[in-house]
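Visitor: Pick one part of this model and take me through it up close, please. I'd also like to hear what surrounds that part.

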Amino acid sequence: MKAAVMPKHPLPKSMGSIHLMAHIIISKYADGLPLYRMEGILSRYGGDITRATMANWAIKLAHQFQPLINLMREHQLSGDIIQMDETVLKVLKEPGLSAHSNKYMWVSRGGPPGQPSVLFEYDPSRKKEVPLRLLDGFSGYLQTDGYAGYNAVCAQNNATSVGCWDHTRRKFKDSQTAQLMCQHFSGQFSKYFLAVSSDFCHFVFPIILVSHVNFKQMKRKGFALWNDRAVPFTQGIFTTVMILLQYLHGTG
């Protein structure tokens, strides 16, 4: 009698099959299903697997997947551009921190053209040391929301900081709100507000909208539109801001 060879398992001697563990990982991290709910779902089908057991599996699997994550990080850093943002995350039990304090999930996307990787890295801190660690050696274009914590990466790695049009739009929106309040009390708008707001709304915002709604069409036609309309506008905004700065500092 010959016995079949046991398939390799990432967690030897574990009672959970590879398929079950894959289901738990996908349900938790891709579908946002908490472990306590999975515990209840499995119990309805006769499964007796506690949330503590599933949590231990997830922790141990993370160690097994680390070589793959390292390769994905290297692949990401080999590209010319990386987009990165940090998102607030609530974690109940973090040593030395209260349950109500902010922790962060650092999300990055990048890699060679047509081969992007997306990585999620949890860290309780929002300090500059986190992007310095994650982007060690990267010297391409780093697109962020302008958070100052990324400045150290550009300074140390000689990377180029790239802005985000969505966040630029927010500043114009804030300016509009402020001007509307001023108009409410003074009865008039500034000429600069009317000029800049009109240009931005007519030229840049439609391009942002197109880039989100139909990215495939944006790749075919949008970049030409961008060069024809947004680039001159951006150059105009830059010139206007420089003139205003010179005026404010008394050098113009």
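Guide: Let's start with the whole chain: of the 252 residues in the protein, 24% are buried, meaning under 20% relative accessible area with a 1.4 Å probe and protein chains only, while exposed means over 50% and partly exposed is in between. Keep in mind that this is a predicted model, so local features need pLDDT of at least 70 and side-chain atom pairs count only at pLDDT 80 or more, while totals for chains, interfaces and linings use all residues. Numbering starts from 1 along each chain as its sequence is written, and side-chain values use heavy atoms, with hydrogens and water left out.

The protein has 8 helices and 5 strands; these are DSSP runs numbered from the N terminus, H or I of at least four residues for helices and E of at least two for strands. Read from the N terminus, the order is α-α-α-β-β-β-α-β-α-β-α-α-α. Of the contacts with a separation of 6 or more, 44% are between residues 24 or more positions apart, a contact being heavy atoms within 4.5 Å.

The part I'd zoom in on is strand β1 and its partners. β1 (residues 81-89) runs antiparallel to β2 (residues 103-110), joined by 8 bridges; for strands to count as paired, DSSP must find at least two bridges between them. Two places along that ladder are easy to find: Q83 stands opposite R109, and M84 stands opposite S108. β1 also pairs with β4 (residues 141-143), this time in the parallel sense and over 3 bridges. There, I82 stands opposite L142.

Now follow the chain out of β1. K90 sits in the loop between β1 and β2, and it counts as exposed because its relative accessible area is 55%. Exposed or not, K90 has company: leaving aside neighbours within four places in sequence, K90 is in contact with H100, S101 and N102. Take H100, which is 10 residues from K90 in sequence but 7.2 Å away in space, C-alpha to C-alpha. The K90 side chain reaches the backbone oxygen of H100 at 3.3 Å. Next to that you can pick out a 3.2 Å polar contact between the side chains of K90 and N102. A polar contact here is a pair of N or O atoms within 3.5 Å, where within protein one must be able to donate a hydrogen and the other to accept it, and residues adjacent in sequence count only if both atoms are side-chain atoms.

From β2, the chain goes on to β3 (117-123), and these two strands are antiparallel with 7 bridges. G110 has S117 as its bridge partner in β3. The hairpin of β2 and β3 has 6 residues between the strands, and G111 takes a positive phi there, near 135 degrees.

After β3 comes a loop leading to α4 (129-134), and S125 is in it. Is S125 buried or exposed? S125 is buried, because its relative accessible area is 19%. Beyond residues up to four places away in sequence, S125 touches Y104, W106 and V130. A polar atom of the S125 side chain also lies 2.9 Å from the backbone nitrogen of K127.

W106 comes up again in the largest nonpolar core, which has 15 residues; M84, W106, L135 and L142 have the most contacts inside it. Such a core is a set of buried Ala, Val, Leu, Ile, Met, Phe, Trp, Tyr and Cys residues joined through side-chain atoms within 4.5 Å. The elements giving two or more residues to this core are β1, β2, α4 and α5 (151-157). Apart from it lies another core of 9 residues, including L35, M38, I49 and L61. As background, nonpolar side chains in soluble globular proteins tend to be buried together.

One last stop, away from the strands: in helix α1, M21, I24 and S27 are buried, and the buried residues of α1 pack against α2 (35-44) and α3 (51-77). On the other side of α1, H19, Y29 and A30 are exposed. G32 follows α1 and has a positive phi, near 65 degrees.
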